[in-house]
Structure formats: C-alpha cells, structure tokens
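Trainee: Please take one strand and look at it closely. Where does it sit, and what lies on either side?

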Amino acid sequence: MPSAKRTSFAASVSVRPLAEPDLDRADEIFRVAFGTFLGVPEPETFFGTADYVRTRWAADPQAAFAATVEGEVVGSNFAADWGSVGYFGPLTVRPDLWDQGIGRRLMEPVMACLDTWENRHLGLFTFAHSPKHLELYRRYGFWPRFLTAIMKKQVAVRAAVPGRALYGELTAAERPEALNLSRALTGAVYEGLSLDREIVAAQAQGLGDAILLEGADSDLDGLAVCHCGAGSEAGEDVCFVKFGAVRPGPDSADRFERLLTACEHLAVEKGLGQLDAGVNLARQDAYRRMVDRGFRTWLQGVTMHKPNEPGYSHSDAYVIDDWR
C-alpha cells in the first residue's frame with residue numbers, strides 16, 4: 001500500500017471501549033482471524049463453542065477495546081489484571097485489514113490500562129513462527145522467552161481428592177477468606193500474583209469453578225481455576241484449567257500431582273471427556289509430569305515478557321496457564 005494511502009487509512013481508525021452490542025461482531029472477527037491465520041478450512045467455526053470474547057468482556061468491560069472504521073468494529077483487544085502480573089489478548093483484526101496499523105492502535109489502550117494497574121510483570125501468548133507478531137510486541141518492550149504448550153488428554157476416571165473444596169460451593173461468608181488464602185498461595189508463587197478476578201468471574205458467569213486444595217495449618221496446597229463446557233473458554237465436552245498452581249517448597253511436585261488429579265476428577269463430575277491445560281516449558285518438571293499423565297500438545301506458542309525476566313516461569317514453578 002502506498003505510504004500516503006496507508007497514512008490516510010490509519011487516520012480513519014478509531015479505538016474505543018468494547019460495548020455489549022459489539023460482542024457478536026467481535027467474536028466473529030476473533031474466530032475468523034485465528035482460523036485464517038492457521039489455515040482452517042472454515043475459519044468462522046474456529047474455537048467451536050468456546051467463548052473468549054464475551055467471557056473476558058463480562059469479567060472486566062473497562063479492559064476491553066474495539067477498533068472501528070467508519071463506525072464498524074474491525075478488531076478487539078483485552079487486558080487482564082492478575083495483581084502484580086498483567087497480560088493481554090486475544091488481539092484480533094479482520095483479515096482483509098491486516099498489516100494496516102490496526103494492531104498497533106489496539107495496543108495503545110491496553111498498554112495504558114496495564115500502566116494504570118501498575119503490574120510489575122507483563123506478558124502475552126503469540127505464535128512462535130510469526131516474525132510479524134514477534135516484532136509488533138517487541139516494539140512495546142516485550143521479549144520472547146520459552147515456548148508454551150497447550151495440552152489435552154482424554155479424561156480417565158479419577159478418585160476424589162481428600163481436602164478438595166470448590167469455591168462455588170462455599171457460602172457467601174466463606175468466600176472472602178477463600179480468596180485471602182488463594183492470594184497467599186499465588187503470592188508465594190510470585191509476589192503480588194492474584195487470581196481473584198478469574199475465580200470470581202468463573203463463578204459469577206457460570207463458566208466453571210475454582211478448586212481449592214486444603215493443606216496443613218489452614219493454608220492452601222493448591223488452586224485451579226477451571227472453565228467447563230460450551231460457552232466458557234473450554235468449549236463443548238472440555239474442562240480447561242485456565243490457571244493452576246501449588247504452594248512452592250518441599251513436596252511441591254507431589255502437590256502438583258494432587259492438583260492434576262483434582263482437575264481430572266472435576267471433569268469427571270461435570271461429565272466432560274477432555275482436560276485441557278497449558279504449561280510454559282521453562283517449568284520443566286511440571287511439563288514432564290503432565291506428559292507422563294497422558295497430556296499431549298495440540299497447540300504451541302511462545303510467551304513474551306516485559307521485562308525480559310522469567311516471572312513465575314522457571315524450573316521450580318508448578319503452574320498451569322497459557323496467557324491466550
């Protein structure tokens with residue numbers, strides 16, 4: 001595209017908060033964009049019954065943004081606040097408008113949002129084989145680190161795990177303390193890390209539930225935020241572990257095994273046949289243990305970090321997530 005025409009087009013793009021009436025169109029663009037990039041024969045069906053747009057908008061409408069051209073939505077982006085950690089995505093643009101600066105425009109409000117939250121460690125998940133994506137995010141200070149494997153396994157019958165509770169089954173009076181214990185656990189994994197937003201969103205939107213594993217001295221040994229079935233980020237017949245972690249220190253590997261069993265048992269309880277979970281490959285033992293349990297990678301990407309530091313992706317961490 002000639003530079004004058006490109007400049008003129010870029011000037012016609014507006015960015016504003018994503019509104020509820022925009023969600024159907026934003027969801028359609030999200031599916032078509034990913035499906036087109038990955039070469040899916042029918043891109044509009046990509047992700048099936050999984051929902052990333054409506055769920056993330058409902059969790060925090062003020063952190064969802066739309067790009068428009070002449071009043072029509074042509075792309076969207078979302079930010080997520082996990083306490084000291086912030087990440088964003090999915091960032092998607094209508095395929096016929098790729099490479100025209102819309103992605104950069106959608107980065108601006110998200111970076112401002114992350115600045116407002118004052119997250120200490122920022123990240124994203126993107127395609128490792130795409131120089132275009134890596135260069136876009138490098139311009140904003142993000143640097144590619146280890147690969148992240150998005151894994152799945154067929155659910156096997158698992159016995160119930162002693163000491164397991166579900167956030168959704170707690171009384172209103174019990175939930176604040178459960179959130180306090182969850183923050184203590186995630187803060188031990190990485191100072192200031194908090195999954196309150198995800199725990200509450202899963203319960204409030206009916207997306208799934210959070211597993212709480214009791215430990216000694218009234219602490220938590222493990223936490224997993226799980227989405228279950230169609231309309232959540234999991235999709236039909238899937239239990240998706242959006243985030244999981246165990247208390248660091250001695251016996252953390254055993255606690256991780258217990259947490260994996262609890263996640264699979266939840267899938268059994270919900271009548272779901274597949275368990276999905278992502279793990280950064282810097283968490284070497286966590287990855288090995290998941291492979292030993294039958295998890296296999298179906299999608300692989302790279303996490304980019306700002307600053308160029310591991311955060312909680314290191315060999316001693318037993319954490320499940322993927323920042324998609």
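Mentor: Start at the turn. S9 and S10 make a hairpin, with 5 residues between the two strands. In that turn, Asp 217 has a positive phi of about 60°. This is a predicted model: local features need pLDDT of at least 70, side-chain atom pairs pLDDT 80 or more, while totals for chains, interfaces and linings use all residues. Numbering runs from 1 along each chain as its sequence is written, and side-chain values use heavy atoms, without hydrogens or water.

Now the strand itself. S10 covers residues 220-228; a strand is a DSSP run of E, at least two residues long, numbered from the N terminus. On one side comes S9, residues 208-214. S9 and S10 run antiparallel, joined by 7 bridges. Strands pair if DSSP finds at least two bridges between them. One contact to pick out: Asp 209 has Cys 226 of S10 as its bridge partner.

S10 also pairs with S11, residues 238-246. This pair is antiparallel too, again with 7 bridges. Here Cys 228 stands opposite Cys 239 of S11.

Next, burial. In S10, 9 of the 9 residues are buried (under 20% relative accessible area, 1.4 Å probe, protein chains only). The strand is therefore largely enclosed by the rest of the structure.

To recap: S10 is bridged to S9 and to S11. The hairpin turn with Asp 217 links S10 to S9.

Key: Buried < 20%, exposed > 50% of the residue type's maximum accessible area, 1.4 Å probe, protein only. Helix = DSSP H or I, 4+ residues; strand = E, 2+ residues; numbered from the N terminus.
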